[in-house]
Amino acid sequence: YVLLSCHTAAQAIDRLSRYAALLNDGLRVTVERSGLQTILRCEPIDSFDNYLLRSPRQAVEGMAAGIVLSVSTVTGR
């Protein structure tokens with residue numbers, strides 16, 4: 001709901017990076033912007049016993065699919 005209430009893709013990405021810890025406290029999502037390029041990084045946090053450090057593929061692929069679906073819904077493309 002938080003992402004789908006955004007008016008722009010940039011707004012959705014910013015909110016995702018802010019609220020990602022609510023979805024999974026072992027995953028850090030950061031946004032880097034440089035000109036027209038935006039890089040969204042999803043990284044496992046290594047400060048505690050985190051299953052994502054052993055097997056991150058499914059969680060990261062799920063996050064990537066969610067990002068693509070949310071951004072395409074917000075932008076209509």
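In this predicted model, arginine 57 and glutamate 61 both belong to helix H3. They sit 4 residues apart, about one turn of the helix. Their side chains meet in a salt bridge, with an N to O distance of 2.8 Å. An α-helix has 3.6 residues a turn, so residues three or four places apart point the same way. Arginine 57 is exposed, at 58% relative accessible area. Glutamate 61 is partly exposed, at 43%.

Helix H3 covers residues 57–75, which makes 19 residues. At 1.5 Å a residue, H3 should span 27 Å. Its end C-alpha atoms are 27 Å apart, so expectation and model agree. The buried residues of H3 are Met63, Ile67, Ser70, Val71 and Val74. Seen down the axis of H3, these residues fall within an arc of 95°, and therefore they line one face of the helix. On the other side of H3, Arg57, Gln58, Val68 and Leu69 are exposed. The cover over the buried residues of H3 includes helix H1 (9–23), strand E1 (27–34) and strand E2 (37–44). Just after H3, glycine 76 takes a positive phi of about 80°.

The protein as a whole has 3 helices and 2 strands. From the N terminus on, the order of elements is α-β-β-α-α. The C-alpha atoms fill a box of roughly 40 × 25 × 20 Å along the principal axes. The protein has 77 residues, of which 23% count as buried. Contacts between residues at least 6 apart in sequence were also examined. Among these contacts, 33% join residues at least 24 apart.

The two strands form a hairpin. E1 and E2 pair in the antiparallel sense, over 8 bridges. One bridge partner pair is arginine 33 with threonine 38, the latter in E2. The hairpin has 2 residues between its strands. Glycine 35 in this hairpin takes a positive phi near 65°. In a regular strand the side chains alternate between the two faces of the sheet.

A search of the whole structure finds 3 salt bridges. Side chains of opposite charge can pair when their charged atoms come close. One of the bridges is the pair of arginine 57 and glutamate 61 described above. Another joins aspartate 14 and arginine 33, with an N to O distance of 2.9 Å. Aspartate 14 lies in helix H1 and arginine 33 in strand E1, so this pair ties together parts that are 19 residues apart in sequence. Aspartate 14 is partly exposed, with a relative accessible area of 29%. Arginine 33 also counts as partly exposed, at 46%. A further salt bridge links arginine 41 and glutamate 32. Here the closest N and O atoms are 2.8 Å apart. Arginine 41 is partly exposed, at 35% relative accessible area. Glutamate 32 is partly exposed as well, at 37%.

The largest nonpolar core has 13 residues. Those with the most contacts inside the core are Ala12, Leu16, Leu27, Val29, Met63 and Ile67. The elements that give two or more residues to this core are H1, E1 and H3. Met63 and Ile67 also appear among the buried residues of H3. Leucine 27 was examined without its neighbours within four places in sequence. On that basis, leucine 27 is in contact with Cys42, Glu43, Pro44, Ile45, Leu52 and Met63.

Glycine 26 lies in the loop between H1 and E1. Glycine 26 is buried, with a relative accessible area of 1%, because the cut-off for buried is under 20%. Beyond its neighbours within four places in sequence, glycine 26 is in contact with Glu43, Pro44, Ile45, Phe48, Asn50 and Leu52. Glu43, Pro44, Ile45 and Leu52 are also among the contacts of leucine 27. Glycine 26 and glycine 62 are 36 residues apart in sequence. In space, their C-alpha atoms are 14 Å apart.

Note on methods. Residues are numbered from 1 along each chain as its sequence is written. This is a predicted model: local features need pLDDT of at least 70, side-chain atom pairs count only at pLDDT 80 or more; totals for chains, interfaces and linings use all residues. Side-chain values use heavy atoms; hydrogens and water are left out. The expected span of a helix is 1.5 Å times one less than its number of residues. Buried means under 20% relative accessible area, exposed over 50%, partly exposed in between (1.4 Å probe, protein chains only). The arc is that of the directions from the helix axis to the C-beta atoms. Contact means heavy atoms within 4.5 Å. Two strands pair if DSSP finds at least two bridges between them. A salt bridge is a side-chain nitrogen of Lys or Arg within 4 Å of a carboxyl oxygen of Asp or Glu. A nonpolar core is a set of buried Ala, Val, Leu, Ile, Met, Phe, Trp, Tyr and Cys residues joined through side-chain atoms within 4.5 Å.
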